[in-house]
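Trainee: I am new to this structure and would like to understand one part of it well. Please pick a part, take me through it slowly, and explain the terms as you go.

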Amino acid sequence: MFRLKLATDPRWANIAEQNLPEILSDHAWCEQKAATNAISLITLLPEYPAIITELLSIAQEELEHFRLVHEIIKKRGFALGRPRKDEYVNDLQKFIIQGNRKNLLIDKLLFAAMIEARSCERFKVLTENIKDEEMVSFYKELMISEANHYTTFIGFARTLANSTKNVNKRWEKWLEYEANIITSYGKKETIHG
């Protein structure tokens with residue numbers, strides 16, 4: 001569905017499962033950042049009330065995911081830990097076009113779509129490769145949500161561009177760029193690391 005050009009090595013799931021306190025802490029902060037990103041997009045798109053309404057829902061859903069991950073952390077006696085930089089996201093940000101406002105907004109939406117696509121793919125890898133049944137069930141539910149967010153952000157980009165063709169061309173470039181940077185990731189106990 002996402003047409004990611006490089007799949008996550010399933011061995012990453014082993015790293016994640018062996019370091020569950022770390023992966024859950026990182027995941028919680030990823031959800032918080034996703035909520036913050038949705039709110040940030042709202043401030044950039046005041047002339048699009050339908051998009052704002054949907055972004056409000058996404059922000060609330062991401063914050064609810066943060067709460068759910070935090071509940072698992074507490075239930076298992078782990079600590080939330082401090083937020084850390086997400087190098088993958090920082091690398092993706094470098095690809096955002098800084099041109100005119102419209103192109104910038106479209107790229108910010110595609111940037112959000114890419115993060116959701118990769119997160120969904122990582123959750124799928126977890127569900128197929130870990131033994132912890134509670135976590136398998138949890139990540140299956142989140143996988144669906146991430147896929148919906150990906151679709152929504154791509155749809156917003158198409159709305160702003162008034163051109164599916166142009167957005168599809170730019171998305172192909174995003175996929176190529178992401179394929180180049182993802183080769184450096186998948187070896188750490190973080191969602192994108």
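Mentor: Let us look closely at helix α6 and what lies around it.

Before we start, please keep in mind that this is a predicted model, in which local features need pLDDT of at least 70 and side-chain atom pairs count only at pLDDT 80 or more, while totals for chains, interfaces and linings use all residues. Residues are numbered from 1 along each chain as its sequence is written, and side-chain values use heavy atoms, with hydrogens and water left out.

Helix α6 covers residues 133–161. The helix names come from DSSP runs numbered from the N terminus (H or I, at least four residues, for helices; E, at least two, for strands). Two packed helices are described by the angle between their axes and the distance between the axes. The axes are lines fitted to C-alpha atoms, for helices over the stretch in contact, and angles run from 0 to 180 degrees between N-to-C directions.

Start with helix α5, residues 101–129, which packs against α6 at an angle of about 160° with the axes 8 Å apart. The two are therefore roughly antiparallel; angles over 145 degrees get that name, those under 35 are roughly parallel, 65 to 115 roughly perpendicular, and the rest oblique. The α5 and α6 crossing is left-handed, meaning that the near helix is turned anticlockwise from the far one by less than a right angle, with clockwise being right-handed. Sorted by class, this contact has 22 nonpolar, three polar and five charged residues. In that sorting, Ala, Val, Leu, Ile, Met, Phe, Trp, Tyr, Cys and Pro are nonpolar, Asp, Glu, Lys and Arg are charged, and the others, Gly among them, are polar.

Now turn to helix α3, residues 49–75. The axes of α3 and α6 come within 12 Å and cross at roughly 160°, so this pair is roughly antiparallel as well, and the crossing is left-handed. Contact here means heavy atoms within 4.5 Å. From α3, the contributors include Ile51, Leu55, Ile58, His65, Leu68 and Ile72; from α6 they include Met135, Phe138, Leu142, His149, Phe153 and Phe156. This contact divides into twelve nonpolar, five polar and six charged residues.

Helix α2, residues 20–44, runs the other way round in relation to α6: their axes come within 14 Å and cross at roughly 25°, so α2 and α6 are roughly parallel. This crossing, too, is left-handed. On the α2 side you will find Leu20, Leu24, His27, Glu31 and Leu41, and on the α6 side Met135, Phe138, Tyr139, Leu142, Glu146 and Phe153. By class, the α2 and α6 contact has eight nonpolar residues, one polar and two charged.

Next, look at the two ends of α6. In the loop between α5 and α6 sits Lys131, which counts as exposed at 68% relative accessibility. (Buried means under 20% relative accessible area, exposed over 50%, and partly exposed in between, with a 1.4 Å probe and protein chains only.) Lys131 and Glu17 are 114 residues apart in sequence, yet 8.3 Å apart in space, C-alpha to C-alpha. After α6, in the loop leading to α7 (164–182), comes Asn162, whose phi is near 55°, a positive value in a residue other than glycine. Asn162 is exposed, at 66% relative accessibility.

Finally, some charged pairs. Side chains of opposite charge can pair when their charged atoms come close. A salt bridge is a side-chain nitrogen of Lys or Arg within 4 Å of a carboxyl oxygen of Asp or Glu, and the structure holds 15 of them. One joins Arg101 to Glu47, with the closest N and O atoms 2.7 Å apart. Arg101 lies in α5 and Glu47 in the loop between α2 and α3, so the pair ties together parts that are 54 residues apart in sequence. Another, between Glu121 and Arg118, has its closest N and O atoms 3.0 Å apart; these two are three residues apart in α5, about one helical turn, and both are buried. Salt bridges with shared partners also link Lys75, Arg76, Asp132 and Glu134 into one network. Two names there are already familiar, as Lys75 of α3 and Glu134 of α6 also belong to the contact between those helices.
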